[in-house]
Amino acid sequence: MLVTSGRPMVSESPVYQIAIVDDEGQVTTVPMIRDEFTIGRKEGNVIRLTERNVSRNHARIVRENGRFFLSDQGSYNGTRLNGRRIRGKMPLSPGDEVGIGDYTLRIEALEGAAAVAAPAAPAEPVKPSQITVVVEGKPNTVYILSDVPHVIGRGDECTIRIDEPGVSRLHARMHLVQGRWFIEDAGSANGLLVDGQRVRSKALEPGDVIEIGRVQLYFTVGALRTEHIRARSAVAGGGSRLPMVFGIAGALIAVLGVVYLLFLRGGKEPSGGPAAPGASARLDAGSYVLAAGETGGRPPSGPDTAVAAAAPEAAADAAPADAGPAAPAGPSAGELLARARAAAAQASTVDAWNAVLELLAAKELSADAAAAELRASATRERDARQALDEAKQAMAGGDPATASKRLAAVPPDVRCAGEAAPMWNDVIVAGRDAARAERLEDLETIVEALRQIVAPPPRVARGRDELEGALRRLSVQLAPPSGADAGAVRRDAGVPGVEVRIRTDAGAAVPRDAGGAAPPPADDSYDQARQMVLAGNNQGCIDILSRAPQSSRNLELLITCYKAAGRLPDAHNAMLSYVTRYPTARKADEYRGVLQAAGRLP
């Protein structure tokens with residue numbers, strides 16, 4: 001089901017339209033006569049798509065310089081353009097297909113619109129965001145930022161690699177969130193500066209200068225101009241540490257001076273009379289009032305000011321609203337940010353993090369730096385939780401390889417990292433079991449091939465069966481009468497020169513020659529070697545057959561095991577013995593050709 005909003009539209013003639021196709025094939029067209037189209041499941045969107053796999057605020061289409069652009073608004077299932085999931089802002093052209101949940105939105109040009117649109121100036125090409133590395137005032141390397149996250153550092157795995165002093169192996173990370181780039185410190189040793197201010201995480205604006213050691217990284221849209229290169233900040237130097245040492249020493253001296261004035265001289269009243277009343281007020285009120293008193297009542301600048309000023313604002317928000325009858329039309333930016341922070345503190349699922357991102361997507365927070373920082377953090381947490389859930393699903397489905405890849409996408413500093421750590425052992429064990437099963441399957445294939453190789457021809461097998469049947473019938477005919485000696489010997493007149501001893505207690509008939517000597521015991525090395533092959537022990541097979549009589553079938557199985565173990569010289573030696581002993585055997589021609597190809601035979 002699809003619902004379009006009933007807001008008033010501008011009156012200019014449309015050039016394009018959006019053809020919306022749902023999962024049942026029904027088509028609804030919307031003329032593109034607005035400068036902005038919001039798309040989502042929530043009421044109030046220009047294009048409202050009511051299926052459950054559409055987020056409340058899913059995507060947005062805006063017109064800039066006469067051209068339409070598509071951007072995702074932090075949706076759960078993402079937005080696809082021509083089959084590929086997008087990140088950031090992407091230009092639209094006639095014929096493009098936008099995938100949102102079960103819906104397909106086609107961008108179509110209206111008939112006769114080409115003549116109307118012809119006089120319009122061509123749209124400016126979209127300039128890519130880029131990072132320009134500047135060392136000692138000279139541009140060094142330019143990195144065009146794609147939509148994937150980037151890592152800045154000295155390590156080989158970094159996408160923006162800077163091999164300079166003061167740069168850690170993993171120094172900083174960059175993420176694209178709703179069309180804006182964010183940078184965050186990755187736990188570096190020397191910290192991260194943006195426009196001269198030390199930051200932990202910050203939304204980047206075109207023209208911002210990132211300083212890492214003695215290297216500057218200029219974030220621009222389009223190429224960096226030489227006249228825009230600025231001098232490095234004093235706190236960004238990565239060479240000498242003397243300024244930092246002197247600064248720390250000066251700070252310690254200042255702290256000792258304050259302690260001396262407050263505690264050693266605090267109990268003595270000045271000669272002119274009792275202590276000034278403002279002193280106790282300064283001590284009771286905290287650092288903000290103390291700083292204000294020392295500077296003549298003006299609050300200081302810097303991050304402490306924002307923290308101190310937040311207290312009276314929070315108290316004012318918490319006070320009952322009896323100052324006036326009029327109530328605000330909606331929540332303020334501060335209330336929205338407070339709700340988002342409270343939701344983020346309790347979030348532990350992908351849906352919960354998406355709810356946080358929907359709160360942060362409000363227009364009141366579009367320019368708020370704190371909201372931007374929380375948005376970047378919530379996006380990382382949501383992606384990590386989603387990767388962890390996918391890893392659990394892969395493990396439940398018996399796919400440890402996919403589970404390992406998804407677990408690798410969970411950073412160690414996110415909230416759900418504690419759940420990912422115990423899974424690694426299960427993934428490793430499952431991976432080993434899967435590899436062992438795959439090896440066993442390969443071994444079964446090898447064994448089946450060996451069976452085909454060593455199996456006797458059908459004619460020989462039939463002759464062996466007939467011989468065994470004849471021997472069984474003969475042993476029945478030569479069985480002694482009941483009560484006869486179990487070890488009695490009887491000469492068969494029908495078989496001259498052969499005596500058969502019938503053991504009625506525990507054994508079978510054992511033939512002897514005419515001279516009474518028993519034949520040599522039967523060789524069972526071939527059967528033992530086959531058992532070793534079935535157990536996957538090629539070396540055991542080789543050890544048995546190396547000491548066994550060199551019959552043709554023993555040599556054939558030995559050659560096969562040598563090949564499976566990768567011991568080709570030994571296999572060639574066994575082949576040479578085979579063709580020498582059995583030149584007319586069934587494998588002799590094949591082995592002779594292999595030896596000639598290896599240069600072992602002329």
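Which tyrosines do ring pairs link into a cluster? Ring pairs link Tyr-578, Tyr-582 and Tyr-591, and you'll meet them in the second view below. A quick note first: this is a predicted model, where local features need pLDDT of at least 70, side-chain atom pairs count only at pLDDT 80 or more, and totals for chains, interfaces and linings use all residues. Residues are numbered from 1 along each chain as its sequence is written, and side-chain values use heavy atoms, leaving out hydrogens and water.

**View 1. Tyr-16 and Phe-68 form an edge-to-face aromatic pair.** The search of the whole structure turns up three aromatic pairs. Rings of Phe, Tyr and Trp (its six-membered ring) pair if their centres lie within 6.5 Å; planes under 30 degrees apart are stacked, over 60 edge-to-face, and the rest tilted. Here the centres are 6.4 Å apart, with 85° between the planes. Tyr-16 sits in strand S2 (residues 16-21) and Phe-68 in strand S7 (residues 67-72), so the pair ties together parts 52 residues apart in sequence. Helices (H or I, at least four residues) and strands (E, at least two) are DSSP runs, numbered from the N terminus. Phe-68 is buried at 5% relative accessibility, while Tyr-16 is partly exposed at 25%. Buried means under 20% relative accessible area, exposed over 50%, partly exposed in between (1.4 Å probe, protein chains only).

**View 2. Tyr-578 meets Tyr-591 edge-to-face.** The ring centres are 5.0 Å apart, with 80° between the planes. Tyr-578 belongs to helix H15 (residues 568-581) and Tyr-591 to helix H16 (residues 588-597), so this pair ties together parts 13 residues apart in sequence. Tyr-578 is buried at 0% relative accessible area, and Tyr-591 is buried at 3%.

**View 3. Helix H7 (residues 350-360) and its buried residues.** These are Val-350, Trp-353, Asn-354, Val-356, Leu-357 and Leu-360. Down the axis of H7 they fall within an arc of 155°, so they line one face of the helix; the arc is taken from the directions from the helix axis to the C-beta atoms. They pack against helix H6 (333-346) and helix H8 (369-396), where contact means heavy atoms within 4.5 Å.

**View 4. The charged end of Arg-553 sits over the ring of Tyr-526.** It lies 4.1 Å from the ring centre. Elsewhere, Lys-89 lies over the face of Phe-69, 5.5 Å from the ring centre. The criterion is NZ of Lys or CZ of Arg within 6 Å of the ring centre and within 35 degrees of the ring normal.
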